[in-house]
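This report walks through one structure for a reader who has not seen it before. The sequence and coordinates come next.

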Amino acid sequence: MMRLTSWIERTMGSVAALAAAIIAIGFATEAWAAEPKPWQLGFQEPATPVQDRIHAFHDELLIIITLITLFVLGLLVYVMWRFHHTRNPVPTRTAHNAVIEILWTVVPVLILVIIAIPSFKLMYFMDRVPNADMTIKVTGHQWYWEYGYPDNGDISFNSNLIPDDQLKPGMRRLLEVDNPLVVPAKTNIRVQVTGTDVIHSWYVPSFGVQEYAVVGRLNESWFNVEQPGTYYGECNQICGVNHAFMPIKIVAVSKDDFQKWVAKSKAAGAPADIEKILADGKAADAPASLVATAAARDVAAAGNR
Ligand SMILES: [Cu+2]
């Protein structure tokens, strides 16, 4: 008996340690996840009001489904115990019970209606933004994305995957592109999605945007990125052999930096390097000594090339 008790204690100890480890891994990840993470459970951190609401709705559903599952499990366990042949040797021959049949039809319908109301509200909220500040046109091609800014000088460019052999340290494999989509943060952005060959799907998990790119159709969605940062997504409609190689990278910047990027891109006739604009902005804000250090490092880096 003693041995059994200590075995249980040890086992419980290991279970607790494992649970603690899992929780620690969960919390150790960065607060601002805009990309998939190793061992990720659940959604990426929401970056837009739409994804905030999807997250909240998901959590509500999780509570409802957990309660239903526990209720059904409880009924099953009770029936197995109560009507076991040792306790209930002569089975009843009941075939119908009007009350219970109405209940098990009406109650699930009510639950579905309760779920449908917030679900429809969310769908309409996601569908379109009535007061968009700007529009971005996304075109799916086999196998890359094309981005257009119809109300910012009609800039447009292609966004191609950076292949494995050209990745620089810190770049994310299969997620990094040559020209990211640059957008201003805290702005209502209408996205219009279309295609030129087969069906693609423009999917950015942390934005809660997933829109089919269909030839001859213009699908619409919107997002408002709450924080500047880098966000990743992927085509999520099987579109041919290179389906896995047309990722989406979005760099959300301040409105000022976005205007700088628009001006530079317009002047150059090609998308400007947003990382460079951000670095220049930081250098301008930094104390002179830091700027000098950064400049020296750039010179050294250039020398190494
Ligand atoms: Cu695709």
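The text below covers a sheet, a hairpin, two helices and two buried residues in turn.

**The sheet**

The model is a predicted one. Five strands form an open sheet with mixed pairing, in the order E3-E2-E1-E5-E8. Its edges are strand E3 (155-159) and strand E8 (219-223), each of which pairs on one side only. From one strand to the next, the twist averages 25 degrees. Helix H4 (residues 255-268) packs on this sheet, where it touches strand E1 (134-141), strand E2 (144-149) and E3. The direction of H4 makes about 90 degrees with that of E3.

Strand E5 (residues 189-195) pairs with E8 over five bridges, in the antiparallel sense. Within the sheet, Arg190 stands opposite Trp222 in E8.

**The hairpin**

Strand E6 (residues 200-204) and E7 are also paired in the antiparallel sense, over five bridges. Ser201 has Tyr212 of E7 opposite. Four residues lie between the strands of this hairpin, in which Gly208 takes a positive phi near 70 degrees.

In a regular strand, side chains alternate between the two faces of the sheet. Strand E7 (residues 209-213) has Val209, Glu211 and Ala213 on a covered face, while Gln210 and Tyr212 are on an uncovered one.

**Two helices**

The table sets out the length check for helices H2 and H5.

| Helix | Residues | Expected span | Distance between end C-alpha atoms |
|---|---|---|---|
| H2 | 49-82 | 50 Å | 49 Å |
| H5 | 274-285 | 16 Å | 17 Å |

For H2, with 34 residues at 1.5 Å a residue, the distance agrees with the expected span. The twelve residues of H5 give agreement as well.

Which residues of H5 are buried? They are Ile274, Ile277 and Gly281. Because these residues cover an arc of only 60 degrees around the axis, they are on the same side of H5. An α-helix has 3.6 residues a turn, so residues three or four places apart point the same way. The cover over the buried residues of H5 includes E4, strand E10 (247-253) and H4. At the N-terminal end, H5 is capped by Asp273, with a side-chain oxygen 3.1 Å from the backbone nitrogen of Glu275.

In H2, the residues Val50, Gln51, Ile54 and Phe57 are buried. Helix H3 (98-127) and E8 are among the elements that cover them.

**Asn188 and Pro184**

Asn188 is placed in the loop between strand E4 (181-184) and E5. Is Asn188 buried or exposed? Its relative accessibility is 14%, and buried means under 20%, so Asn188 counts as buried. The side chain of Asn188 has two listed partners: the backbone oxygen of Asn131, reached at 3.3 Å, and the side chain of Asn224, with which it makes a polar contact (2.8 Å). Leaving out residues up to four places away in sequence, Asn188 touches Val129, Asn131, Ala132, Asp133, Met134, Trp222, Phe223 and Asn224.

Pro184 lies in strand E4. With a relative accessible area of 3%, Pro184 is buried. Beyond residues up to four places away in sequence, Pro184 touches Met134, Ile189, Val253, Lys255 and Phe258. Pro184 and Asp256 are 72 residues apart in sequence, and their C-alpha atoms are 8.2 Å apart in space.

Definitions and conventions
Residues are numbered from 1 along each chain as its sequence is written. This is a predicted model: local features need pLDDT of at least 70, side-chain atom pairs count only at pLDDT 80 or more; totals for chains, interfaces and linings use all residues. Side-chain values use heavy atoms; hydrogens and water are left out. Two strands pair if DSSP finds at least two bridges between them. Helices (H or I, at least four residues) and strands (E, at least two) are DSSP runs, numbered from the N terminus. Axes are lines fitted to C-alpha atoms, for helices over the stretch in contact, and angles run from 0 to 180 degrees between N-to-C directions. Contact means heavy atoms within 4.5 Å. Buried means under 20% relative accessible area, exposed over 50%, partly exposed in between (1.4 Å probe, protein chains only). A polar contact is a pair of N or O atoms within 3.5 Å; within protein, one must be able to donate a hydrogen and the other to accept it, and residues adjacent in sequence count only if both atoms are side-chain atoms. The expected span of a helix is 1.5 Å times one less than its number of residues. The arc is that of the directions from the helix axis to the C-beta atoms.
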